[in-house]
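Work through the exercises below with the sequence and the coordinates open. Each task is followed by a solution in steps.

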Amino acid sequence: MTLVFASSNSNKISEIRSILPQSIIILGLNDIGCFEEIPETAATIEGNAIIKANYVSDKYGYNCFSDDTGLEVEVLNGAPGVYSARYAGEQKDSYDNMTLLLEQLKSFSNKKAIFKTVIALNLDGKQHLFTGEVKGEIAKEKSGLKGFGYDPIFIPDGFSKTFAEFSNEEKNKISHRAIATQKLLHFIENSIK
C-alpha cells in the first residue's frame with residue numbers, strides 16, 4: 001500500500017516511516033510534486049488535519065493522511081494549541097516558540113500540558129480521524145538534542161526527561177504521534193483483511 005503523508009517536514013516524515021511497517025510506502029508532499037504550502041486556517045487541530053488531507057485528495061487524487069499537532073498548556077487555557085508551530089511568529093521557529101512559552105510560564109507552578117496529534121486519513125473516498133495524546137508537563141528549561149518542535153521542553157508523565165532526551169525508538173513507543181499512528185495502522189490492517 002502507498003499513502004501520501006501530507007507533510008514536507010522531513011522530521012515528521014522520518015518519524016512516521018519509522019513507526020509504520022515497510023509494507024506501507026509513505027510519500028511526502030515533495031514526492032508527489034506538491035511544493036506549495038497548504039493553508040492551515042482551521043480553529044482546531046482536527047480541522048487543520050482535515051484541511052491538509054482534503055487538499056491532497058482533491059488536488060492530487062491520492063489516498064493520503066495528514067496530521068496536525070499542538071501543545072496544550074493548562075494554565076494558558078490550551079495555548080499554544082492550534083498555533084503551536086507559529087506561536088512566536090510566522091517564521092515558525094521552534095527555538096523562538098519554546099523561548100516564548102518558557103518565559104510565559106516562569107511565574108506559574110502548574111506546568112501541566114498535553115501533546116496532541118490528530119491524523120486525518122482519506123482512504124477510498126472516506127475520511128477517518130485518529131487522535132493521540134500524551135499528558136506531561138513543561139520543563140523549566142530546554143534539555144536534550146533529539147526530536148524536534150517542543151520536544152526539548154516536554155516531559156511526559158511517568159518520566160523525568162524530555163522527549164528530546166529519548167532515543168527515537170523510545171519516543172516512538174509513547175509519543176502522541178506514535179499513539180495516533182498506531183490507531184491509523186490498526187485501522188488500515190483491519191481494512192485490508
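## Exercise 1: Surroundings of Thr 69

Task: list the residues that Thr 69 touches, not counting residues up to four places away in sequence, and place Thr 69 in its strand.

Solution. The model is a predicted one.

Step 1. Outside the excluded window of four places, Thr 69 touches Ile 45, Gly 81, Ser 84, Phe 115, Lys 116, Thr 117, His 176 and Arg 177.

Step 2. Thr 69 belongs to strand E3, which spans 64-73.

Step 3. Two of the contact residues are also reached by polar contacts between side chains: Thr 117 at 2.7 Å and Arg 177 at 3.1 Å.

Step 4. Thr 117 has a further role, since Thr 69 stands opposite Thr 117 in E4.

Step 5. The relative accessible area of Thr 69 is 16%, so Thr 69 is classed as buried, the cut-off being under 20%.

## Exercise 2: Strand pairing around E3 and E4

Task: which strands pair with E3, in which sense, and over how many bridges?

Solution.

Step 1. Strand E1 (residues 2-5) pairs with E3 in the parallel sense, over 2 bridges. Phe 5 has Phe 65 in E3 as its bridge partner.

Step 2. Strand E4 (residues 112-123) pairs with E3 in the antiparallel sense, over 10 bridges. Asp 68 has Val 118 in E4 as its bridge partner.

Step 3. On to the next strand: E4 and E5 run antiparallel and are joined by 12 bridges. One pair there is Ile 119 with Phe 130 in E5.

Step 4. E4 and E5 form a hairpin with 2 residues between them. Asp 124, in the turn, has a positive phi of about 50 degrees.

Step 5. Covering can be read strand by strand. In E3, 9 of the 10 residues are buried; in E4, 10 of the 12 are.

## Exercise 3: His 176

Task: is His 176 buried or exposed, and what does His 176 touch?

Solution.

Step 1. His 176 lies in helix H5, which runs over 176-191.

Step 2. His 176 counts as buried because its relative accessibility is 2%, against a limit of under 20%.

Step 3. Leaving out residues up to four places away in sequence, His 176 touches Thr 69, Phe 115, Lys 116, Thr 117, Gly 132, Glu 133, Val 134 and Phe 163.

Step 4. The contact with Thr 69 links this exercise to the first one, where His 176 appears among the residues that Thr 69 touches.

## Exercise 4: Gln 127

Task: which side chains make polar contacts with the side chain of Gln 127, and what is its accessibility class?

Solution.

Step 1. Gln 127 is placed in strand E5 (residues 126-138).

Step 2. Its relative accessible area is 34%, so Gln 127 is partly exposed; that class lies between 20% and 50%.

Step 3. Leaving aside neighbours within four places in sequence, Gln 127 is in contact with Ile 50, Ala 53, Asn 54, Ala 120, Leu 121 and Asn 122.

Step 4. Side-chain polar contacts join Gln 127 to Asn 54 at 3.0 Å and to Asn 122 at 2.8 Å.

Step 5. For a C-alpha distance, take Cys 64: Gln 127 and Cys 64 are 63 residues apart in sequence and 9.8 Å apart in space.

## Exercise 5: The two largest pockets

Task: state the volume of the largest pocket and of the second largest, then describe the lining of each.

Solution.

Step 1. The largest pocket holds about 860 Å³ of space. It is lined by 35 residues, and the closest to its centre are Asn 9, Lys 12, Glu 40, Ala 85 and Lys 92.

Step 2. Helix H1 (10-19), strand E3, helix H3 (94-105) and helix H5 each supply at least two lining residues. E3 gives the most, with 5 residues.

Step 3. By class, this lining has 11 nonpolar, 12 polar and 12 charged residues.

Step 4. The second largest pocket has a volume of about 180 Å³. Its lining includes Ser 14, Gly 147, Phe 148 and Lys 171.

Step 5. H1 and helix H4 (168-174) each supply at least two residues of this second lining, and H1 gives the most, with 5 residues.

Step 6. The second lining divides into 1 nonpolar, 7 polar and 2 charged residues.

Definitions and conventions:
Residues are numbered from 1 along each chain as its sequence is written. This is a predicted model: local features need pLDDT of at least 70, side-chain atom pairs count only at pLDDT 80 or more; totals for chains, interfaces and linings use all residues. Side-chain values use heavy atoms; hydrogens and water are left out. On a 1 Å grid over the protein atoms alone, a cavity is a set of points where a 1.4 Å probe fits but cannot get out, and a pocket is an open set with protein on both sides within 12 Å along at least five of seven lines; lining residues have an atom within 4 Å of a point. Grid points are joined across faces, edges and corners, and a volume is the space filled by probe spheres set on the points. Helices (H or I, at least four residues) and strands (E, at least two) are DSSP runs, numbered from the N terminus. Ala, Val, Leu, Ile, Met, Phe, Trp, Tyr, Cys and Pro count as nonpolar, Asp, Glu, Lys and Arg as charged, and the others, Gly among them, as polar. Buried means under 20% relative accessible area, exposed over 50%, partly exposed in between (1.4 Å probe, protein chains only). A polar contact is a pair of N or O atoms within 3.5 Å; within protein, one must be able to donate a hydrogen and the other to accept it, and residues adjacent in sequence count only if both atoms are side-chain atoms. Contact means heavy atoms within 4.5 Å. Two strands pair if DSSP finds at least two bridges between them.
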